[in-house]
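Here's a short chat about one model. Take a look first, then we'll talk it through.

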Amino acid sequence: MKVKSKENPSVEEVVEILSEGLSNEAIITLFAHCSVFYDGRAKSELGAGDRVIMIKPDGTFLIHQKEKRVPVNWQPPGSIVSFQIEEGKIKLRSVRRKPKEILEVELLKVYLISYFQAEDYEALNLMGSEAEMADLILQNPSIIEEGFKALQKEKPIKHGIIDIYGVDRDGNIVVLELKRRRADLHAVSQLKRYVDALKEEHGSVRGILVAPSLTSGAEKLLKDLGLEFKKLNPPKREKARKGKQKTLDML
């Protein structure tokens, strides 16, 4: 069975789905009222509350509260997951060996439990990365402006790494800071640090923030600092076709 779920399950039904999900290397999800205990590099305790628990086939163990993106407790891939029944309640246990860390979850009430035997053999194919933007500029420097010449990609300086270091038609040093998404105040501050560092050696230095768009705050700060903006979208490329494995080979 690819997917199995049960709302308001009994203890026996939770045990059944947990056992099947773990043995079938499925993704297990629980909506539950639970308490959480952690013992490892530090110690923590999370009182009873409604949470989402996810257990992945690689041992990843995640506990989410109803807000925020990051799990409140988690264990990394490679952890060993098990469960036991104590005084009529189910306890989930995740053990990481090195460094030794133990995460225990006491299930006080399970609203829903499910498992999903997912098949996914694709690797993330990042489109339009900043590295691809840099290569595009190196191949076609005039897309920044006529007369621009790129001298070095990823030039290290004491305050970081400049994405592209070059000169304009008048021989002025030009610093390009590339962002594949909408640039914000942090990007402007980063560009300013690089420009200020190079001004100590070269005097006149131009700083250009290259991105698809700017936040309103970034646009204002650029103008106030005498820095520049060049609109450029990351290049798009077709995803290579890959053969898909249709079944999961069992060892």
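Reader: Which strand holds Y111?

Author: This is a predicted model, where local features need pLDDT of at least 70, side-chain atom pairs count only at pLDDT 80 or more, and totals for chains, interfaces and linings use all residues. Residues are numbered from 1 along each chain as its sequence is written, and side-chain values use heavy atoms, with hydrogens and water left out. Strands here are DSSP runs of E, at least two residues, and helices are runs of H or I, at least four, numbered from the N terminus. Residues 101-116 make up the home of Y111, strand 8.

Reader: Is Y111 buried or partly exposed?

Author: Buried means under 20% relative accessible area, exposed over 50%, and partly exposed in between (1.4 Å probe, protein chains only). Y111 has a relative accessible area of 33%, so the label is partly exposed.

Reader: In what order do the five strands of the open sheet run?

Author: Two strands pair if DSSP finds at least two bridges between them. Strands 9 (149-157) and 13 stand at the edges, each with a single partner strand, so one side of each lacks a neighbour in the sheet. The pairing is mixed, and the order is 9-10-11-12-13.

Reader: In what sense do strands 12 and 13 pair, parallel or antiparallel?

Author: Strand 12 (residues 205-211) and strand 13 (residues 228-231) share four bridges, and I208 has E228 as its bridge partner. The sense is parallel.

Reader: And strands 9 and 10, parallel or antiparallel?

Author: P156 stands opposite I161 in strand 10. Strand 10 covers residues 160-167, and its seven bridges with strand 9 are antiparallel.
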